[in-house]
Amino acid sequence: MSHRRRSQAAGPPRPPPEEEGAGDSSPPSPGKPRRRARPWPERRVLALALAFRAANALLVRTYFNPDEHWQCLEVAHRIAFGYGHLTWEWKRGLRGYLHPLIFAALYKFLAFLHLDTPWFMAMAPRLLQSVFAAFGDLYLYKLSKLIFNEHVAQWALFSQLVNWFMFFCITRTLSNSLETVLTVAGLYYWFNAIESSKGNSVVSKQETASYQSPQSRKMALLIAALACAVRPTSAITWLYVGLLDFIHTKSKCRLLFLEVIPLGAIILAGTTFLDWWMYGSRVIVPLNFLKFNLFSSGGDYYGTHVFHWYFTQGFPSMIWTFLPLLVFGVIKSREWRISGLIAWVLGVYSLLGHKEFRFVLPVLPLALMFSGYCLAAMSQFKGKSLHGKRRFSKLQLSVILLVITNVPMALYMSLFHQRGTEDAMFYLSKEAHDGRVNSVLFLMPCHSTPYYSSLHSSLPMRFLDCTPSDNKGTLDESDRFLMNPLDFVGEIFGNLSSFSHIVLFESEERRVLQLLLRDSFEEVRRFFHSHFKIDRDLQSSVVIYSQRDVL
C-alpha cells in the first residue's frame, strides 16, 4: 500500500525528535502553538481500559439484540450444561461454534468453582467481554499513535470511552463486539508491518527499530482470519485492506502463497473441523453464512431498510455528536486509507436489504480515531481573553458538549431502555434456583428475553416460534399471536394451567387478562421496560403471572 508521508498532512504536528524522541519531519504550522503530549505507558492505558470496561459491563442491564443471548450464551450454556435452545440458524449450519465455546469455557469454570449462581451467570459473560473490549481500547490507542501521534492517540481513547454506542454495545456478548476488537487489533499489526517496511521519514530510526517486527503482518493475517471465523462478513473489511496493499506490494506471490493462503487455510481448517465435531456432520459454516446473508438475502426476513440508511440514520446515530469531528478529522488528516475503509464497509453493507447498527460496529472505533484527531488539533489553540476574562476554548466547549450528549444517553440506554426482559429473567432464575418455578410460557414476540442461559435450570419452557417459512406470506407464531392474542392462545395452548408462570408485555396483557384469570393466574411481578415505542405497541412493562397454587 502506498504510504502517505505525515509531513504532508495538516493537523496536530508531532514534537521534534529531540523533544519527544519519536518525532517526524512535520513542521509546526505558522502561528499555531505546538503542544507536547506526555506518552502514556501502555500498561497504564490497559489498566484504565480494564477498570472502565468492567464498570461498563456492570452498568449494562438492558436488552439490545437477541443474538447476544440466543446465538452465543444460549449455545454456550448448551455446550457447558447439556441444555439450551438452538435456533433455526444452528439447524441449518449458519453459525460457527468458535465464539460460543469461549463462553462455554467460562460457564464450566464458574460451575467448577460453584459460582454458577443467578448473578454470576448473568454478569460473568459481559465481564469477560469487557476484558476483550479493554484490549480493543488499547489497540485503538496504539493504532492511533502509529498512524498519527501520541496526542491523537490520547484523544482517540477519550472518544472511544465517551461515545454512547461503544459504551452501550461493546461489552455485550455479540459476535460483532469481538469482531470489532479483532478488527482494530488486526489493523494495528497490519499498519505496523507497513510502517516497518518503509523505514523512511514516517518514523525516526529509533522508532523504526522499536516498531519493526517480521511477524507483524503474519499476526495481522492471523487475527483477520480469526475475525472472519467469528463473523464471516468481516471478510468485507479485510478484502479492502488486503487488496490495497496487494496492489502496491512488490512481492505479490510471497504475500499470497506464503502468508495469506497458509494462515487462512490453517484457521479455516481448524474452525471447520471444530464445527464438524460440534454439529456431528460436515458443514461449511462460512459458505452457508455468506450464501444465506449475502447471496440469497435471507436476512431480509427480519426487515429491510432503504439503501442510504447507514449513511443517513444508522452510523450517524452510532457516532452521534462526534460526527462533525469525524468529518473534520477525515478532511484535515488526509488519511484516506482508513477513511476509505469506513466508506467501503458502509457502502457494501448498504447493498444488503437487512441492516442493523451492530453490523458496522467494527468501523466505529476508526471513525472515533478521526474524532480524536480533530480534538488534538483543537488543543493547539487556546481561548482568547475578552476584557481580562478567559473564554472557554473550542476544545473545552467540544469536550463539554461530547460528555453531556453522550454520557446521559449511554447510561439511559444501558440502565433503563428495554431492561424489563432482563429483570424478568433474573427474577425467574432466582425463583427457579429456590425451587418456586415449574414451567414458563413466554407470550411475547420470539427471542424477546434471554432463555436457559439466564434461567440456568432445566425446566420446561416455551416461547413463540418465528422460524422463517419456505412459503412466503406464512405467518409465524409471533405474528399470529400479535394479530389476535386471545384466539391464538386458545387455539395453540387451550388451557394455560400446564404452565406455572407466564411472561408477557403489558401491551398484550390487556388482551388476554380474562383468560389468565380464568386459568387461576395472578400477577406476581411487574418490571419497567421502556418509555418509548419499540415495535407495534408501547412495551412499557414486562409482567409475570403465576398460578395461585404455586404461590
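# Exercises on a predicted model

Leaving out neighbours up to four places away in sequence, T449 makes contact with Y63, W70, T421, M425, F442 and M444. The model is a predicted one. The exercises start from this residue and move on to the sheet, the cavities and a pocket.

## Exercise 1: Place T449

Find the element that holds T449, and decide whether the residue is buried or exposed.

Solution.
Step 1. Locate the residue. T449 sits in the loop that runs between β3 (440–443) and α21 (452–455).
Step 2. Read its accessibility. The relative value is 3%.
Step 3. Apply the cut-off. Buried means under 20% relative accessible area. T449 therefore counts as buried, at 3%.
Step 4. Check its surroundings. Its contacts include Y63, W70 and F442.

## Exercise 2: Build the sheet

Give the strand order of the open sheet, and say which strands stand at its edges.

Solution.
Step 1. Write the order. The sheet is open, has 5 strands and runs β4-β3-β5-β7-β6.
Step 2. Find the edges. β4 (461–463) and β6 (521–528) have a single partner strand each, so one side of each lacks a neighbour in the sheet.
Step 3. Add the twist. From one strand to the next, it averages 20°.
Step 4. Assign the directions. β3 and β5 are parallel, with 4 bridges. β5 and β7 are antiparallel, with 5 bridges. β6 and β7 (541–547) are also antiparallel, over 7 bridges. The pairing of the sheet is mixed.
Step 5. Recall what holds such pairs. Strands of a sheet pair through backbone hydrogen bonds, in either sense.
Step 6. Pin the register with residue pairs. F442 has V503 of β5 as its bridge partner. L504 is partnered by V543 in β7. R525 lies opposite I544 of β7.

## Exercise 3: Judge the setting of β5

Work out why β5 (501–505) is described as largely enclosed.

Solution.
Step 1. Count the buried residues. In β5, 5 of the 5 are buried, so the strand is largely enclosed by the rest of the structure.
Step 2. Sort the side chains. H501, V503 and F505 point one way from β5. I502 and L504 point the other way. Residues in both groups are buried.
Step 3. Set this against the whole protein. Of its 551 residues, 56% are buried.

## Exercise 4: Compare two cavities

State how many cavities of 30 Å³ or more there are, then describe the linings of the largest and the second largest.

Solution.
Step 1. Count. There are 7 cavities of 30 Å³ or more.
Step 2. Take the largest cavity. Its volume is about 220 Å³. It has 20 lining residues, and those nearest its centre are A122, M123, E422, F426 and S454.
Step 3. Trace that lining to its elements. α3 (67–81), α6 (118–147), α20 (420–433) and α21 give at least two residues each. α6 has the largest share, with 6 residues.
Step 4. Classify the lining. The largest cavity has 11 nonpolar, 4 polar and 5 charged lining residues.
Step 5. Take the second largest cavity. Its volume is about 170 Å³. Its lining has 18 residues, with Q71, R95, G96, S175 and V230 nearest the centre.
Step 6. Trace and classify again. α3, α5 (98–112), α11 and α14 each give two or more residues to the second largest cavity. α3 has the largest share there, with 3 residues. The classes are 10 nonpolar, 5 polar and 3 charged.

## Exercise 5: Describe the second largest pocket

Name the element that gives the most to the lining of the second largest pocket, and give the make-up of that lining by class.

Solution.
Step 1. Size it. The volume is about 780 Å³.
Step 2. Find the centre. There are 31 lining residues, and A225, C228, A235, V260 and G264 are the closest to the centre.
Step 3. List the helices. α11 (216–230), α12 (235–248), α13 (252–279) and α14 (285–295) supply at least two residues each.
Step 4. Pick the main contributor. α13 gives the most, 11 residues.
Step 5. Classify. The lining of this pocket holds 26 nonpolar, 4 polar and 1 charged residues.

## Exercise 6: Follow a loop contact

Say where F307 lies and which residues it touches beyond four places in sequence.

Solution.
Step 1. Locate it. F307 is in the loop between α14 and α15 (309–319).
Step 2. List the contacts. They are S350, L351 and K355.
Step 3. Check one distance. F307 and Y349 are 42 residues apart along the chain, and their C-alpha atoms are 9.0 Å apart.

Definitions and conventions
Residues numbered from 1 in each chain as written. Predicted model: local features only at pLDDT ≥ 70, side-chain atom pairs only at ≥ 80, totals over all residues. Heavy atoms only, no water. Buried < 20%, exposed > 50% of the residue type's maximum accessible area, 1.4 Å probe, protein only. Contact = heavy atoms within 4.5 Å. Pairing = 2+ DSSP bridges. Axes fitted to C-alpha atoms, helices over the stretch in contact; angles between N-to-C directions. 1 Å grid on protein atoms, 1.4 Å probe; cavity = no way out; pocket = protein on both sides within 12 Å on 5 of 7 lines; lining within 4 Å. Points joined across faces, edges and corners; volume = space filled by probe spheres on them. Nonpolar A, V, L, I, M, F, W, Y, C, P; charged D, E, K, R; others polar.
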